[in-house]
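I opened this notebook to keep track of what I looked up in one structure, entry by entry. My interest was in side-chain pairs, in burial and in what lies against what.

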Amino acid sequence: MAERQREGPIEIALVGDLTENQTQLCESLLDVEPGGECCLYFDSLGGSPYCAIALTTLILVRGLRATGVVAGECSSAALWPFAACSRRLVTPYSVLLFHPMRWQSEENVGVTEASEWSRHFKLLEADMDALLAELFRVPLETIRAWSNPGRYMTGRELAEAGLAELIDLKPLEFLRRGRRR
């Protein structure tokens with residue numbers, strides 16, 4: 001069977017835990033030519049902050065003209081690649097969760113390693129909050145206020161804050177015509 005020619009930008013779904021899909025997501029972003037267009041559809045609860053920064057780095061360093069669409073949820077670590085998009089679209093039903101970073105460690109961690117991880121984690125959280133504020137072009141205090149203790153925002157609220165465009169989910173014309181038959 002002949003391969004179908006793709007028209008328009010590459011479409012990539014960021015669904016579920018980003019960390020579990022990191023290899024596939026990075027490969028998909030690398031399939032977009034540098035400076036090229038893509039559309040990222042978000043329905044993700046987040047994942048590791050390191051995965052978030054890797055995806056964000058690929059978008060920014062490669063100069064991708066990404067449109068981010070929150071089709072469902074865009075929470076936690078998923079916020080960074082969404083914020084890196086040059087165009088951001090949300091629906092009234094989109095949900096975004098801002099919260100402080102959460103860390104996990106292995107069961108058998110020595111006190112010295114735990115102390116170093118705590119130091120690193122504090123710096124990482126501050127740096128990532130600053131990056132998120134820069135990407136969204138809002139004051140760092142805004143991100144901190146949304147993150148502590150944590151805030152769910154609707155797509156409408158994000159659009160009202162000027163961080164995304166609100167799109168309505170009205171049935172498409174061809175669907176209405178199909179129902180009349």
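The entries below follow the order in which I looked things up.

**Entry 1: the model.** I noted at the outset that this is a predicted model.

**Entry 2: aromatic pairs.** I began with the rings and found that the structure holds 4 aromatic pairs. I took up the pair of Phe82 and Phe136, whose ring centres lie 6.4 Å apart with the planes at 65 degrees, so I entered the pair as edge-to-face. This pair links distant parts of the chain, since Phe82 sits in helix H3 (residues 79-83) and Phe136 in helix H4 (residues 111-136), 54 residues apart. I checked accessibility for the two residues and found both Phe82 and Phe136 buried. I then asked which residues form one aromatic cluster. The members are Phe42, Phe82, Phe98, Phe136 and Trp146.

**Entry 3: the nonpolar core.** From the rings I went on to the largest nonpolar core, which has 45 residues, and looked for those that touch the most other members. These turned out to be Leu40, Phe42, Phe82, Phe98, Phe136 and Leu158. Helix H4 gives the most to this core, with 7 residues. I listed the surroundings of Phe82 separately, leaving aside its neighbours within four places in sequence. Among its contacts I wrote down Phe42, Phe136 and Leu158, and the list also includes Gly68, Val69, Val70 and Cys74, as well as Arg88, Leu89 and Val90.

**Entry 4: helix H1.** I next asked which residues of helix H1 (residues 22-30) are buried. They are Leu25, Cys26, Ser28 and Leu29. These residues cover an arc of only 160 degrees around the axis, which puts them on the same side of H1. Turning to the other side of H1, I found Thr23 and Gln24 exposed. For the cover over the buried residues of H1, I recorded that it includes strand E1 (10-17), strand E2 (37-46) and helix H2 (49-61).

**Entry 5: a loop residue.** I stopped at Thr91, which lies in the loop between strand E4 (87-90) and strand E5 (95-98), and asked whether this residue is buried or exposed. Thr91 has a relative accessible area of 6%, and because buried means under 20%, I entered it as buried. I then looked for what is in contact with Thr91 once its neighbours within four places in sequence are left aside. The contacts are Val70, Gly155, Arg156, Leu166, Ile167 and Leu169.

**Entry 6: salt bridges.** How many salt bridges does the structure hold? I found 3, and I went through them in turn.

Glu37 forms a salt bridge with Arg65, with the closest N and O atoms 3.5 Å apart. The pair links distant parts of the chain, with Glu37 in strand E2 and Arg65 in strand E3 (residues 65-74), 28 residues apart. I recorded Glu37 as partly exposed at 44% relative accessibility, and Arg65 likewise as partly exposed, with a relative accessible area of 44%.

Glu165 forms a salt bridge with Arg87, and here the closest N and O atoms are 2.8 Å apart. This pair also links distant parts of the chain, as Glu165 is in strand E7 (residues 165-166) and Arg87 in strand E4, 78 residues apart. Glu165 is partly exposed, with a relative accessible area of 35%, and Arg87 is partly exposed at 40%.

Arg151 forms a salt bridge with Glu157, the closest N and O atoms being 3.3 Å apart. I entered Arg151 as partly exposed, with a relative accessible area of 32%, and Glu157 as partly exposed at 28% relative accessibility.

**Entry 7: cysteines.** Finally I searched the whole structure for disulfides and found 0. I wanted to know why Cys38 has no bond to the closest cysteine sulfur. That sulfur belongs to Cys85 and lies 6.9 Å from the sulfur of Cys38, too far for a bond. For Cys74 the closest cysteine sulfur is again in Cys85, at 8.5 Å, which is also too far for a bond. I checked burial for Cys38 and Cys74 as well: Cys38 is buried, with a relative accessible area of 1%, and Cys74 counts as buried at 0% relative accessibility.

Notes:
Residues are numbered from 1 along each chain as its sequence is written. This is a predicted model: local features need pLDDT of at least 70, side-chain atom pairs count only at pLDDT 80 or more; totals for chains, interfaces and linings use all residues. Side-chain values use heavy atoms; hydrogens and water are left out. Rings of Phe, Tyr and Trp (its six-membered ring) pair if their centres lie within 6.5 Å; planes under 30 degrees apart count as stacked, over 60 as edge-to-face and the rest as tilted. Helices (H or I, at least four residues) and strands (E, at least two) are DSSP runs, numbered from the N terminus. Buried means under 20% relative accessible area, exposed over 50%, partly exposed in between (1.4 Å probe, protein chains only). The arc is that of the directions from the helix axis to the C-beta atoms. Contact means heavy atoms within 4.5 Å. A salt bridge is a side-chain nitrogen of Lys or Arg within 4 Å of a carboxyl oxygen of Asp or Glu. A nonpolar core is a set of buried Ala, Val, Leu, Ile, Met, Phe, Trp, Tyr and Cys residues joined through side-chain atoms within 4.5 Å. A disulfide is a pair of cysteine sulfur atoms within 2.5 Å.
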